[in-house]
Amino acid sequence: MASNSATSLFLIFFIITQCLSVLNAAKDFDFFYFVQQWPGSYCDTKQSCCYPTTGKPAADFGIHGLWPNYNDGSYPSNCDTNNPYDQSQISDLISRMEQTWPTLACPSGSGSTFWSHEWEKHGTCAESVFTNQHAYFKKALDLKNQIDLLSILEGAGIHPDGGSYDLVDIRNAVKSAIGYTPWIQCNVDESGNSQLYQVYFCIDTSGSLIECPIFPRGKCGSSIEFPTF
């Protein structure tokens with residue numbers, strides 16, 4: 001009987017250890033995508049948009065998210081249901097987030113639903129890097145300050161004026177300014193024209209810009225619109 005009990009305990013311990021190993025492996029990741037979004041392109045679609053309850057955002061790229069990813073192109077998500085979004089942890093960041101991380105989804109909201117989604121889907125998978133929610137959101141805000149995308153593009157003569165620009169010129173302008181190759185994502189306007197939608201940057205687990213190990217899937221036209229907002 002003692003032998004059977006010992007064997008049972010060993011099996012239970014083995015199963016628990018394996019489950020924990022799988023759980024920890026699921027939370028590991030290789031790098032982040034830091035994604036900025038042009039509001040004019042979000043709104044200039046058949047779906048349209050709704051301004052946040054705080055009013056129309058500035059005509060500037062806004063943060064979409066800071067997303068842990070694997071080098072093979074897959075990504076972890078919703079890694080810790082025991083750590084839900086808690087706005088009280090980031091109360092000192094809210095004014096900055098309203099300005100640089102606004103929601104454009106309908107119906108109009110304050111941003112808390114958007115930020116909650118970003119934390120619970122993506123932020124919880126970066127708990128090995130960020131000790132709390134404040135650190136995660138602050139890092140994204142600091143990256144936005146570091147990469148002033150609109151100024152970079154306008155400095156290269158690329159303006160949100162509704163005109164069309166060569167995709168290669170947009171990519172090269174950003175790379176020339178930051179030293180690393182971005183990935184450009186396009187969407188289409190109501191007329192089906194390809195337009196500048198989002199720009200992806202790759203960040204290592206120490207928080208520094210790097211060359212992207214892999215780019216997301218998707219295509220843009222060789223010439224794309226940069227709509228007004």
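There is 1 cavity of 30 Å³ or more in this structure, which is a predicted model. The space inside the largest cavity comes to about 30 Å³. Its walls are made by I178, Y180, T181, P182, F201, C202, L209, I210 and C212. Strands β5 (194–203) and β6 (209–210) each put at least two residues into that lining. Sorted by class, the lining has 8 nonpolar residues and 1 polar one, with no charged residues.

Now for the annotated site. The UniProt record, an unreviewed entry, marks H64, E118 and H122 as "active site". These residues are spread over 59 residues of sequence, yet they cluster in space, with a largest C-alpha distance of 11.3 Å. From this set, H64 and H122 also turn up in the lining of the largest pocket.

Here is how the two histidines sit in the fold:

| Residue | Location | Relative accessible area |
|---|---|---|
| H64 | strand β2 (residues 62–69) | 18% |
| H122 | loop between α4 (112–121) and α5 (133–146) | 6% |

H64 counts as buried because its relative accessible area is 18%, and the cut-off for buried is under 20%. H122, at 6%, is buried too.

What does H64 touch, leaving out residues up to four places away in sequence? The list is V35, Q36, Q37, W101, F114, E118 and Q198, and one of these, E118, belongs to the annotated set as well. For H122, again setting aside neighbours within four places in sequence, the contacts are L66, W67, P68, H117 and Y136.

Definitions and conventions
Residues are numbered from 1 along each chain as its sequence is written. This is a predicted model: local features need pLDDT of at least 70, side-chain atom pairs count only at pLDDT 80 or more; totals for chains, interfaces and linings use all residues. Side-chain values use heavy atoms; hydrogens and water are left out. On a 1 Å grid over the protein atoms alone, a cavity is a set of points where a 1.4 Å probe fits but cannot get out, and a pocket is an open set with protein on both sides within 12 Å along at least five of seven lines; lining residues have an atom within 4 Å of a point. Grid points are joined across faces, edges and corners, and a volume is the space filled by probe spheres set on the points. Helices (H or I, at least four residues) and strands (E, at least two) are DSSP runs, numbered from the N terminus. Ala, Val, Leu, Ile, Met, Phe, Trp, Tyr, Cys and Pro count as nonpolar, Asp, Glu, Lys and Arg as charged, and the others, Gly among them, as polar. UniProt positions are given in the numbering used here, feature names are shortened, and annotations may be inferred rather than shown by experiment. Buried means under 20% relative accessible area, exposed over 50%, partly exposed in between (1.4 Å probe, protein chains only). Contact means heavy atoms within 4.5 Å.
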